[in-house]
2 protein chains.
Amino acid sequence: MYSIDSRSAVPVYEQLKRQIIIHIVSGVLNDGEKLPSIRELASAILINPNTVAKTYRHLETDGFVTSRKGLGVFVSASGRELQSNRTEIFKELTDEYVSKAAGLGLNADEIMKGLSERLKGEIEHDKNE
Amino acid sequence: MYSIDSRSAVPVYEQLKRQIIIHIVSGVLNDGEKLPSIRELASAILINPNTVAKTYRHLETDGFVTSRKGLGVFVSASGRELQSNRTEIFKELTDEYVSKAAGLGLNADEIMKGLSERLKGEIEHDKNE
DNA sequence: TTATCTGTATTACTATCATAGTACAGTAGT
DNA sequence: ACTACTGTACTATGATAGTAATACAGATAA
């Protein structure tokens, strides 16, 4: 379901948050649908319940989900329409990409060129989430 | 010279490292050339000398510079060639980036546009320096 | 030698993150 | 009422990262 890379520099709660957002905006999780309970998801992917709670708290702050005490956490009706948040995630992705590429010593032109070559042809193929 | 965004989530030493690498691989800093001393650069851009030292240490580990106690830090003779050895890693980075962006539902044009926007600042900065 | 540059090393403070444990509060079925 | 689920809140601990303050050591010129 959700995969966590414990060696990553990206915090666990952040990795989980991004994956859930992708599921929401891509329709894997539908409006009103209930997410796994905090304790259930925590034991499923072997992380601490507090970390899942933190993820859900952030998702609620961002408007993707609504949590109801005693009931669970549900995808907000407007969750999928949060284009601005999707854009923000994309910006984070881009920042990360540029940062790492710059760390490798590449300049802006080389990064653009590399991405351009990679994108030639298809894009639908690479949906390995 | 070098600009630091203290509000950024990217560590100061990392921001500085990227800018120096760009200067080295783009030829703004030539082989054998001496970098500013730790304390000099620190006071120039108003950061702690330890942070500059950390940047220089990382640059030396990566092979971009060589430091000599009492003398200074100098661009390695092979510094500019280091970028060619990292093409493979860069391709992996690009694959990962494209996959995630595609997972967000973005098409090739949107990805290119987003990256282009993100890189504008870098390009302008390099030209002005 | 002395003074003043240079980089290096050590230590410490702070913030963030992940985890753990515990307790509390709302909901629903029995 | 009882039970078993839900989310929430709070404190504490250990690890790590980033930054900072200070002291140490090599190089060089006066």
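Begin the tour in chain B by selecting Glu14(B) and Arg18(B), both of which are buried. The structure shown is a predicted model.

**First stop: the salt bridges of chain B**

Display the side chains of Glu14(B) and Arg18(B), which meet in a salt bridge with an N to O distance of 3.6 Å. Both residues sit in helix H1 of chain B, and because they are four residues apart there, about one helical turn separates them.

Keep helix H1 of chain B in view and add Lys17(B) and Asp62(B) to the selection. These two residues form a salt bridge as well, with the closest N and O atoms 2.9 Å apart. The pair links distant parts of the chain, for Lys17(B) belongs to helix H1 of chain B, Asp62(B) lies in the loop between H3 and E1 of chain B, and their positions lie 45 residues apart. Are the two partners buried or exposed? Lys17(B) counts as buried, at 9% relative accessibility, whereas Asp62(B), at 21%, counts as partly exposed. The cut-off that divides the two classes is 20% relative accessible area.

**Second stop: the salt bridge in helix H1 of chain A**

Move to chain A and select Glu14(A) and Arg18(A). A salt bridge joins them, the closest N and O atoms being 3.5 Å apart. Their positions in helix H1 of chain A are four residues apart, so the separation is about one helical turn. Glu14(A) counts as buried, with 12% relative accessibility, and Arg18(A) counts as buried at 18%. How many salt bridges does the structure hold over all chains? The total is five.

**Third stop: Ser76(B)**

Return to chain B and centre the view on Ser76(B), in the loop between E2 and helix H4 (87–103) of chain B. Ser76(B) has a relative accessible area of 9% and is therefore buried. To see its surroundings, select Asp31(B), Gly63(B), Phe64(B), Val65(B) and Thr66(B), which Ser76(B) touches when residues up to four places away in sequence are left out. Within this group, look at Gly63(B): its backbone oxygen lies 3.4 Å from a polar atom of the Ser76(B) side chain.

**Fourth stop: DNA strand C**

Now select DNA strand C and show the protein around it. The strand is surrounded by 23 residues, and the closest are Pro11(A), Val12(A), Tyr13(A), Asn50(A) and Arg39(B). The surface near the strand divides into eight nonpolar, nine polar and six charged residues.

Colour the secondary structure next. Which elements each supply at least two residues of this surface? They are helix H1 (12–26) and helix H3 (49–61) of chain A, together with helix H2 (38–44), strand E1 (65–68) and strand E2 (72–75) of chain B. The largest share, three residues, comes from H3(A).

Individual polar contacts can then be inspected one at a time. On the chain A side, select Asn48(A), where an N or O atom of the side chain is 3.0 Å from a phosphate oxygen of DNA strand C. Continue to Thr51(A), whose side chain places an N or O atom 2.9 Å from a phosphate oxygen of the strand. Then cross to Arg39(B), where a polar side-chain atom lies 2.7 Å from a base oxygen of DNA strand C. Among the atoms of DNA strand C within 4 Å of the protein, 65% belong to sugar or phosphate and the rest to bases.

**Last stop: DNA strand D**

Finally, select DNA strand D. Of the 23 residues around this strand, Ser67(A), Pro11(B), Val12(B), Asn48(B) and Asn50(B) come nearest. The nearby surface comprises seven nonpolar, nine polar and seven charged residues, and its largest share, three residues, is supplied by H3(B).

Three residues of chain A merit separate views here. At Ile38(A), a backbone N or O atom lies 3.1 Å from a phosphate oxygen of DNA strand D. At Arg39(A), an N or O atom in the side chain is 3.0 Å from a base nitrogen of the strand. At Gly70(A), a backbone N or O atom lies 3.1 Å from a base oxygen of the strand. To close, apply the 4 Å selection to DNA strand D itself: of its atoms within that distance of the protein, 62% belong to sugar or phosphate and the rest to bases.

Terms used:
Residues are numbered from 1 along each chain as its sequence is written. Chains are lettered from A and ligands numbered from 1 in the order in which they are written. This is a predicted model: local features need pLDDT of at least 70, side-chain atom pairs count only at pLDDT 80 or more; totals for chains, interfaces and linings use all residues. Side-chain values use heavy atoms; hydrogens and water are left out. A residue is near a molecule or strand if one of its heavy atoms lies within 4 Å of it. A polar contact is a pair of N or O atoms within 3.5 Å; within protein, one must be able to donate a hydrogen and the other to accept it, and residues adjacent in sequence count only if both atoms are side-chain atoms. Ala, Val, Leu, Ile, Met, Phe, Trp, Tyr, Cys and Pro count as nonpolar, Asp, Glu, Lys and Arg as charged, and the others, Gly among them, as polar. Buried means under 20% relative accessible area, exposed over 50%, partly exposed in between (1.4 Å probe, protein chains only). Contact means heavy atoms within 4.5 Å. A salt bridge is a side-chain nitrogen of Lys or Arg within 4 Å of a carboxyl oxygen of Asp or Glu.
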